[in-house]
Amino acid sequence: QVQLLESGGGLAQAGGSLRLSCTASGSFFSVNDMAWYRQAPGKQRELVARITGTGGANYAESVKERFTISRDNAKNTVYLQMNSLKPEDTAVFYCYANIEVLLGNSRRYWGQGTPVTVSS
């Protein structure tokens with residue numbers, strides 16, 4: 001069974017930094033796109049950053065120049081380095097991965113969510 005296990009959330013002060021990690025575990029052929037989404041209280045879930053299997057990345061405008069997504073393909077892990085945090089970054093962050101469970105058969109998976117709280 002494929003699982004996405006997240007870690008690294010918590011409390012930070014405005015201007016501070018946090019690093020999120022998410023590792024895909026289980027039996028599968030390969031991991032394709034990986035991404036981080038977030039959902040603030042009372043708001044819809046939104047894409048924060050996405051990275052392809054070859055390292056191409058794109059970001060939400062609100063986090064450009066502050067957040068960096070990266071991945072370690074050998075470890076099936078994606079990271080989100082968050083710098084210059086703002087109170088409006090407070091949200092539950094979710095890891096997403098498109099995983100090829102069998103050759104030619106891909107499925108979408110979500111992590112359980114890790115909360116990030118930024119105090120002013």
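Buried, in these notes, means under 20% relative accessible area. I'm working from a predicted model, and I began with the charged pairs.

**Entry 1: salt bridges**

I searched the whole structure and got 4 salt bridges. I looked at Arg38 early on: its relative accessible area is 7%, so Arg38 falls under the 20% limit and goes down as buried. Which residue does Arg38 pair with? Its partner is Asp89, and their closest N and O atoms sit 2.9 Å apart. Arg38 belongs to strand β4 (residues 30–39) while Asp89 is in the loop between β8 (77–82) and β9 (91–102), so this bridge ties together parts 51 residues apart in sequence. I checked Asp89 for burial too, and with a relative accessible area of 1% it is buried.

Asp89 turned up again in a salt bridge with Arg66, at 2.8 Å from N to O. Arg66 sits in the loop between β6 (57–59) and β7 (67–72), so the pair links that loop to the one between β8 and β9, across 23 residues of sequence. I noted Arg66 as buried as well, at 9% relative accessible area. Following shared partners, I could join Arg38, Glu46, Arg66 and Asp89 into one salt-bridge network.

I then turned to Lys64, which meets Glu61 in a salt bridge at 2.8 Å, N to O. Is Glu61 buried or exposed? I have Glu61 down as exposed, at 63% relative accessibility. Lys64 is partly exposed, with 38%.

A reminder to myself on the background: side chains of opposite charge can pair when their charged atoms come close.

**Entry 2: an open sheet**

Next I traced a sheet of 4 strands. In what order do they run? I read β1-β3-β8-β7, an open sheet with antiparallel pairing. β1 (3–7) and β7 are the edge strands with a single partner each, so each has one side without a neighbour in the sheet. Direction ignored, neighbouring strands here are turned by 15° against each other on average.

I zoomed in on β3 (residues 18–25) and β8, which run antiparallel and are joined by 6 bridges. I looked up Cys22 there, and its bridge partner in β8 is Val78.

**Entry 3: the nonpolar core**

I went on to the largest nonpolar core, which has 32 residues. Which of them touch the most other members? They are Trp36, Leu80, Met82, Phe93 and Ile99. Two or more residues each come from β3, β4, β5 (46–51), β7, β8, β9 and β11 (114–119). β9 gives the largest share, 6 residues.

I picked Phe93 and listed its contacts, leaving out neighbours within four places in sequence; among them are Glu6, Leu20, Trp36, Val48, Phe67, Leu80, Met82 and Val116. Arg38, from the salt-bridge entry, is also in contact with Phe93.

General background again: in soluble globular proteins, nonpolar side chains tend to be buried together.

**Entry 4: Asn98**

Last stop was Asn98, which I found in strand β9. Its relative accessible area is 17%, so I count Asn98 as buried under the 20% limit. What does Asn98 touch, not counting residues up to four places away in sequence? I wrote down Val31, Asn32, Asp33, Ser106, Arg107 and Arg108. I also took the C-alpha separation between Asn98 and Val48, which are 50 residues apart along the chain, and got 16 Å.

Conventions. Residues are numbered from 1 along each chain as its sequence is written. This is a predicted model: local features need pLDDT of at least 70, side-chain atom pairs count only at pLDDT 80 or more; totals for chains, interfaces and linings use all residues. Side-chain values use heavy atoms; hydrogens and water are left out. A salt bridge is a side-chain nitrogen of Lys or Arg within 4 Å of a carboxyl oxygen of Asp or Glu. Buried means under 20% relative accessible area, exposed over 50%, partly exposed in between (1.4 Å probe, protein chains only). Two strands pair if DSSP finds at least two bridges between them. Axes are lines fitted to C-alpha atoms, for helices over the stretch in contact, and angles run from 0 to 180 degrees between N-to-C directions. A nonpolar core is a set of buried Ala, Val, Leu, Ile, Met, Phe, Trp, Tyr and Cys residues joined through side-chain atoms within 4.5 Å. Contact means heavy atoms within 4.5 Å.
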